[in-house]
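Colleague: I would like a close look at one part of this model before I go further with it. Please start from a single residue and then work outwards to whatever else can be said.

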Amino acid sequence: MAVIRTKPLEVVLCAVLVAMVAVTFSQVLFRYVFRTSLDWSEELARFLFMWLAALSSAYAFKTKSHFALRFVVDRFGMGLQRAVNDLVVLAVSIFLLVFTYQAVIYTLSVTNQTAPGTQISMAIPYSSAVAGGALMLYYVLRNWWSERGKQTASLGD
């Protein structure tokens, strides 16, 4: 239970991946062994993939494993590096705010639409963009704040 409390994003990512594999496996099993097709399996696998992509992007921001071009910034002095980093965080934050806001608007616009195979509201798969965008913004700001604290502490030493 300690893993769930300390790493909920990782637990959800694993659950979504297992569900996607199970749905895809059942689709293959039914199609090639039982010679029948499941109407909902391909659609559900696609929706799970949307959630997996959005949450994996947030995980990349959490662990700082996303692509970064540091070789240009590293050529500057420490003070300028900090300013450039702050500027990058500001630009990414503004982008993620706009992205999440637009994702909310779009998700609300499709709440009355239902998926043909699963009969669920289309707001469920499209809300993955809202969750992913909000989590990415949270992790960008959390990592920035944490780095600022470490830089301030190291300057005081």
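Colleague: Leaving aside its neighbours within four places in sequence, which residues is Met50 in contact with?

Modeller: This is a predicted model, so everything below describes a prediction. Once neighbours within four places in sequence are set aside, the contacts of Met50 are Pro125, Tyr126 and Ser128. Met50 itself belongs to helix α3, which covers residues 41-62. Pro125 is 75 residues away from Met50 in sequence, yet their C-alpha atoms are 6.7 Å apart in space. The contacts fall in helix α6, which runs over 123-156. Met50 has a relative accessible area of 24%, and it counts as partly exposed because that value lies between the 20% limit for buried and the 50% limit for exposed.

From Met50 the account can move to the end of helix α3, where a salt bridge is found. The whole structure holds 2 salt bridges. In one of them Glu10 pairs with Lys62, with 3.0 Å between the closest N and O atoms. This pair ties together distant parts of the chain, since Glu10 is in helix α2 and Lys62 is in helix α3, 52 residues apart. Glu10 has a relative accessibility of 16%, which means that it counts as buried under the 20% limit. Lys62 is likewise buried, at 17%.

The other salt bridge joins the side chains of Glu147 and Lys64, at 3.1 Å from N to O. Here too distant parts of the chain are linked: Glu147 sits in helix α6, Lys64 sits in the loop between α3 and α4 (70-73), and 83 residues separate them. Glu147 is partly exposed, with a relative accessible area of 26%. Lys64 is partly exposed as well, at 43%.

Glu10 leads back to helix α2, which takes in residues 8-32. With 25 residues at 1.5 Å each, helix α2 should span 36 Å, and its end C-alpha atoms are indeed 36 Å apart. Glu10 is one of the buried residues of α2, a list that includes Leu9, Leu13, Val16, Met20 and Val23. Ser26 and Gln27 are buried in α2 too.

The end of helix α2 brings in the surface. Val28, Tyr32, Val33 and Phe34 make up a nonpolar surface patch of about 430 Å². Of these, Tyr32 is placed in helix α2. Tyr32 has a relative accessible area of 55%, so it passes the 50% limit and is exposed. Arg35 comes in the loop between α2 and α3. Arg35 is exposed, with a relative accessible area of 68%.

The backbone at Arg35 deserves a note. Most residues other than glycine have a negative phi. Arg35 is not a glycine, but its phi is positive, at about 55 degrees. Gln119 is another non-glycine residue with a positive phi, about 60 degrees. Gln119 lies in the loop between α5 and α6. Its relative accessible area is 54%, so Gln119 is exposed.

On one side of that loop is helix α5, residues 78-109. Its 32 residues should span 46 Å at 1.5 Å a residue, and the distance between its end C-alpha atoms, 46 Å, agrees. The buried residues of α5 include Gln81, Asn85, Val89, Ser93 and Leu96. Thr100, Ala103 and Thr107 are buried there as well.

Gln81 can be examined in the same way as Met50. Gln81 is part of helix α5, and its relative accessible area of 16% makes it buried. Apart from neighbours within four places in sequence, Gln81 is in contact with Arg70, Val73, Asp74 and Phe76. Arg70 and Val73 belong to α4, which is residues 70-73.

Aromatic rings come last. A pair of aromatic rings is described by the distance of the centres and the angle of the planes. The count for this model is 5 aromatic pairs. One of them is Tyr138 with Tyr139: the ring centres are 5.0 Å apart and the planes meet at 65 degrees, which is over 60 and therefore edge-to-face. The partners differ in exposure, since Tyr138 is partly exposed at 45%, whereas Tyr139 is buried at 7%.

Note on methods:
Residues numbered from 1 in each chain as written. Predicted model: local features only at pLDDT ≥ 70, side-chain atom pairs only at ≥ 80, totals over all residues. Heavy atoms only, no water. Helix = DSSP H or I, 4+ residues; strand = E, 2+ residues; numbered from the N terminus. Expected span 1.5 Å × (residues − 1). Buried < 20%, exposed > 50% of the residue type's maximum accessible area, 1.4 Å probe, protein only. Phe/Tyr/Trp six-rings, centres within 6.5 Å; stacked < 30°, edge-to-face > 60°. Patch = residues over 30% accessible without salt bridge, like charges linked within 9 Å, V, L, I, M, F, W, Y side chains within 5 Å. Areas by Shrake-Rupley, 256 points an atom, 1.4 Å probe, with all protein chains shown as cover. Salt bridge = Lys/Arg side-chain N within 4 Å of Asp/Glu carboxyl O. Contact = heavy atoms within 4.5 Å.
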